[in-house]
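Let's take a walk through this one, starting with a couple of backbone oddities and ending where the chains meet. Keep the viewer open as you read.

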Amino acid sequence: MGIAELQAYGYFVLTFFLVVALYGYIYHLYTKKRDASGVDYESYSNMALKDDIDDTPVSALSDEKVPVEGKKK
Amino acid sequence: MENRPLEYDYTIAKMFMLTTIAFGIVGMLIGVILAFQLAFPGLNLMLGDGLAEYTNFSRLRPLHTDAVIFGFTLSGVFATWYYVGQRVLKVSMAESKLLMTLGKLHFWLYLAVVVAVIVSLFAGVTTSKEYAEFEWPIDIAVVVVWVLFGMGIFGLIGIRREKSLYISVWYYIATFLGIAMLYLFNNMEIPTFFATSPSGESGIGAWYHSVSMYAGTNDALVQWWYGHNAVAFGFTVPIVAMIYYFLPKESGQAIYSYKLSLLSFWGLMFVYLWAGGHHLLYSTVPDWMQTMGSIFSVILILPSWGSAINMLLTMKGEWQQVAASPLIKFMVLGSTFYMFSTLEGPIQAIKSVNAIAHFTDWIVGHVHDGVLGWVGFMIMAALYHMAPRVFKREIYSKSLMAAQFWIQTLGVVLYFTSMWIAGITQGMMWRAHDEFGNLAYSFIDTVTVLHPYYAIRGVGGLLYLVGFLMFAYNIYKTMSSRPVEERELQNASPMGA
């Protein structure tokens with residue numbers, strides 16, 4: 001098998017993998033919300049709409065990172 | 001200090017806002033001069049024979065492209081990053097002395113590099129690679145500036161309060177990574193100083209000169225992989241980052257589909273990098289590579305339209321805002337021009353269409369409906385949205401903004417329609433032949449026919465520049481306008497009469 005043939009197979013496998021990955025990602029986006037621990041991706045829009053520094057984060061990184069009382073407005 | 005409320009710190013954003021405007025004026029002014037030089041060649045000598053070296057088309061052309069790409073657009077990208085980044089990550093630059101120092105260093109070094117670029121290009125010092133004209137010492141400085149930008153991005157992400165990254169942040173990260181990779185690979189070069197001639201002569205040429213590490217066709221391939229993706233990661237990705245933040249924020253509407261924004265992001269990342277080959281159709285690069293460039297360019301419609309439609313649908317049920325607010329007008333028209341040029345590009349990349357379009361003014365028209373209608377409009381809209389918030393003043397004049405919008409829209413329309421007609425005319429005339437295969441026209445025949453369209457293009461560009469000066473004036477007056485009462489402005493920006 002020459003290098004050109006190997007490249008062609010490699011190219012096909014890569015394209016196939018990317019197609020599966022993309023459709024898998026769509027499936028993931030739309031189904032994740034259904035589990036108990038699921039994420040509603042649409043709520044992420046609020047990261048822009050409610051972006052004052054003392055707004056509550058959509059999902060806080062950790063409790064202690066929320067601005068300390070007194071430093072808050 | 002202890003009791004002072006925590007606020008976002010826009011120091012760096014403000015600095016980059018000023019360079020956005022300054023380099024915008026410089027880049028567009030040179031563009032207008034170039035357009036009129038093409039229509040009226042006598043203007044090549046506008047400052048007399050003695051200065052012809054500095055005023056001719058070929059000396060000014062890279063200054064125009066580099067000033068609008070790396071001066072105006074990149075400044076806009078940096079300004080919006082230092083504004084949007086803090087807000088969607090809910091962390092202030094004031095919280096980290098290190099990030100603030102890095103940010104200032106980023107700005108001043110960037111400014112120094114821009115000055116070096118302007119001086120060297122005016123002096124005619126260039127590597128002659130399109131959009132990569134800078135010689136190696138400047139390239140090294142560019143890399144340092146870019147690393148500082150990256151440290152700013154990832155540093156801010158590192159101290160964020162918001163766990164997930166908003167879609168715009170993904171796009172800013174992609175801008176950083178994409179341009180880093182492209183710039184490094186395309187600027188692999190060897191200083192001529194290290195070369196030895198066949199006769200054994202060494203230390204050839206000036207110390208700052210260099211030649212590309214790639215030769216011939218390979219150089220062309222790497223160059224257009226870079227050139228096209230400079231459009232991707234300079235003119236598309238960061239501008240999409242802007243519209244995903246500023247349109248929802250200004251209109252108060254949530255993104256129509258956040259999931260679609262994620263999907264389009266990954267689609268764009270996978271597809272864009274393969275499309276550059278369309279610049280080399282009918283050249284000496286392998287045929288399969290040309291075909292791949294064409295196919296990926298057509299596929300590119302999907303993720304591009306995914307973002308653009310998502311933005312237009314964000315305005316669903318709120319279209320009265322387009323009529324009421326000139327700021328929303330800029331963004332909606334920007335997004336429409338994005339759809340338009342991302343359809344036009346793939347059409348030009350189809351081999352049979354490219355046989356007519358290649359090397360003609362239609363390509364120039366395509367670039368400009370993208371950058372004037374999409375990039376320029378979106379960056380100006382972003383700055384209009386930011387101005388009341390960073391200066392804590394209302395926008396000086398709404399009616400001036402509305403007038404600017406219509407003047408510039410007319411300018412863009414004149415620009416791309418004239419270039420369409422000129423380009424297609426040119427393409428058809430170059431190909432026309434009689435039954436024996438003799439060419440029907442000589443080159444100068446096309447020049448004569450195209451003259452009126454070149455003049456119209458110059459007028460279109462001039463109108464856009466006039467609008468940009470109105471924008472600069474409006475922002476300047478905003479800095480001393482009526483103070484805004486509210487502590488934090490929600491949604492629609494306050495505007496004076």
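Lys90(B) counts as buried because 25 other C-beta atoms lie within 10 Å, and the cut-off for that label is 20 or more. Bear in mind that this is a predicted model. To find Lys90(B), go to the loop between α3 and α4 (97-122) of chain B. Its backbone is worth a look too: phi is positive there, about 55°, although Lys90(B) is not a glycine.

Now move along to the loop between α4 and α5 (136-158) of chain B, where you'll find Tyr131(B). Here again phi is positive, about 60°, and Tyr131(B) is not a glycine either. So is Tyr131(B) buried or exposed? It sits in between: Tyr131(B) has 17 C-beta neighbours inside 10 Å, so it counts as partly exposed. Being buried would take 20 or more, and being exposed 12 or fewer.

With those two loops covered, turn to the place where chain B touches chain A. The contact draws 28 residues from chain B and 28 residues from chain A. On the chain B side, the elements that give two or more residues are α3 (57-89), α7 (216-251) and α8 (258-272) of chain B. Which of them gives the most? That's α8(B), with six residues. As for chemistry, the side of chain B that touches chain A has 14 nonpolar residues, eleven charged ones and three polar ones.

How values were computed: Residues numbered from 1 in each chain as written. Chains lettered and ligands numbered in written order. Predicted model: local features only at pLDDT ≥ 70, side-chain atom pairs only at ≥ 80, totals over all residues. Contact = placed C-beta atoms within 7 Å. Helix = DSSP H or I, 4+ residues; strand = E, 2+ residues; numbered from the N terminus. Nonpolar A, V, L, I, M, F, W, Y, C, P; charged D, E, K, R; others polar.
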